[in-house]
Amino acid sequence: TRARARMVADEAALAADLGQKVEKLQEALREQGEQHRAEIGKATEDLRDLRKLVADLEAQTARNFVVGHGSGADFFTRRVEWTITGFSAKLREKAKGESLWSPKFRAAGLDGLHLEFFPQGREKTVFDGFCTSGAKVRYRLWVGNFLRAPDEDEYTGRIGHGHSNFCPVAPEINRETDSIVVGVDLLEVRMQADPTSGGVRLVSTSLEALVAREVQVVQNRSVERVVWKIPRISQHLKQLPKGASMWSQLFTAAGIREILLEFYPNGSTNTTKEGFCAFYIRCPEGVSIIVTLFVGNTKKGPIKTTFDSVTGKGLPDFCAIQPEIGPDNSIEVGIELQNQPSRLLQLES
């Protein structure tokens, strides 16, 4: 009996010992499971961060990609065309103040240039150009067929220059290809320091073309009348509010280079008469001319004037526009001018 009692006691002690060991093993398994889950969670988070880093690096690589030859040939690239495809979707996706960036490009001897376009506009600017710091650039921005007068800005840092209320975007969209083309003409670049991809097409200007542009000044020296025919004028009257202007191409006449016509179908901000248009001419600083402006059959002038700034010369209340519209829904505006040559040649040593 005593032997059986000892056997039972030994079995009970063994069972208790085994139970403790099982509990310890279960506790160890629980701790290992929790540690494993923690490690999996950390690995998942690290993988998420790694994927984000890869995406950021890919985006940075795309931003750092520079379109251009990387040689002296870029010096003659003076026109940049950026075609934005799938534009209707981008227009829906972008809110006011959100922009699209072109790839970086080289042009006119400058490196790392950017175009920034705001499809829905923003508070201050709707179309910016970014340029190398230390450059003073005379340029002309355009969207579709809509042109602006040339601007001149000095780039002292990574800051863009552009225009507010650049133009109505809808008329400039190519509905067949669902795209819009924006760009810049680099007219003149002065450096104060050392000097087709992603939808961007660089249009190089050869030395011969630059010389031909200067020859055009001589060839057109006898031109004294310039007519700018604007088709679909009723559409422009609906789309352009008072204070919004249309700009002609730059042209030469009477020996004068870079003449520009500025026409306000619904009048400028200084127009006081209802239904009147405004019309101005711009010439390089220092030019003196005798000019007659005309809109349709209405003429004003001749007047003698000297351009002492970039401000245009003309009249805010030029004439009532409706009587001057032709039967083909177009209007002809223009100038008759005579250059006043300088009588003095001053040399400096």
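Two strands pair if DSSP finds at least two bridges between them. The structure treated in these exercises is a predicted model.

**Exercise 1. Strands E4 and E5**

Task: Determine which residue of E5 is the bridge partner of Phe-105, and how many bridges join E4 to E5.

Solution.
1. Strand E4 covers residues 104-107, and strand E5 covers residues 110-117.
2. Two bridges join these strands, which run antiparallel. The cut-off for pairing is at least two bridges, so E4 and E5 count as paired.
3. The bridge partner of Phe-105 in E5 is Leu-113.
4. Phe-105 belongs, with Ala-107, to the covered face of E4, while Lys-104 and Arg-106 make up the uncovered face.
5. The hairpin of E4 and E5 has two residues between the strands, and Ala-108 takes a positive phi near 55° there.

**Exercise 2. An aromatic cluster**

Task: Identify which residues form one aromatic cluster with Phe-279, and state why its pair with Phe-263 ties together separate parts of the sequence.

Solution.
1. The model contains five aromatic pairs. One of them joins Phe-263 and Phe-279, with 6.0 Å centre to centre and 80° between the planes.
2. Planes over 60 degrees apart count as edge-to-face, and therefore the pair of Phe-263 and Phe-279 is edge-to-face.
3. Phe-263 lies in strand E16 (residues 256-264) and Phe-279 in strand E17 (residues 276-282), so this pair links parts that are 16 residues apart in sequence.
4. Phe-279 also forms an edge-to-face pair with Phe-318, at 5.9 Å centre to centre and 80° between the planes.
5. Because Phe-318 lies in strand E20 (residues 313-320) and Phe-279 in E17, this second pair connects parts that are 39 residues apart in sequence.
6. Phe-263, Phe-279 and Phe-318 thus form one aromatic cluster. Phe-263 and Phe-279 are buried, and Phe-318 is buried as well.
7. Lys-300 lies over the face of Phe-318, at 4.9 Å from the ring centre.

**Exercise 3. The largest nonpolar core**

Task: State how many residues the largest nonpolar core has, and which strand gives the most to this core.

Solution.
1. The largest nonpolar core has 60 residues.
2. Strand E7 (residues 135-143) gives the most to this core, with five residues.
3. Among the residues with the most contacts inside the core are Phe-117, Ile-259 and Phe-263.
4. Leaving aside residues up to four places away in sequence, Ile-259 touches several residues, including Leu-250, Phe-251, Ile-281 and Ile-335.
5. In soluble globular proteins, nonpolar side chains tend to be buried together.

**Exercise 4. Two loop residues**

Task: Classify Gly-255 and Glu-274 as buried, partly exposed or exposed.

Solution.
1. Gly-255 lies in the loop between strand E15 (251-253) and E16, and Glu-274 is found in the loop between E16 and E17.
2. Buried means under 20% relative accessible area, exposed means over 50%, and partly exposed is in between.
3. Gly-255 has 33% relative accessibility and therefore counts as partly exposed.
4. Glu-274 has 77% relative accessibility and therefore counts as exposed.
5. The C-alpha atoms of Gly-255 and Ser-222 are separated by 7.4 Å, although these residues are 33 residues apart along the chain.
6. Glu-274 and Asp-317 are 43 residues apart in sequence, with 9.1 Å from C-alpha to C-alpha.

Conventions: Residues are numbered from 1 along each chain as its sequence is written. This is a predicted model: local features need pLDDT of at least 70, side-chain atom pairs count only at pLDDT 80 or more; totals for chains, interfaces and linings use all residues. Side-chain values use heavy atoms; hydrogens and water are left out. Rings of Phe, Tyr and Trp (its six-membered ring) pair if their centres lie within 6.5 Å; planes under 30 degrees apart count as stacked, over 60 as edge-to-face and the rest as tilted. Helices (H or I, at least four residues) and strands (E, at least two) are DSSP runs, numbered from the N terminus. Buried means under 20% relative accessible area, exposed over 50%, partly exposed in between (1.4 Å probe, protein chains only). A charge sits over a ring if NZ of Lys or CZ of Arg is within 6 Å of the ring centre and within 35 degrees of the ring normal. A nonpolar core is a set of buried Ala, Val, Leu, Ile, Met, Phe, Trp, Tyr and Cys residues joined through side-chain atoms within 4.5 Å. Contact means heavy atoms within 4.5 Å.
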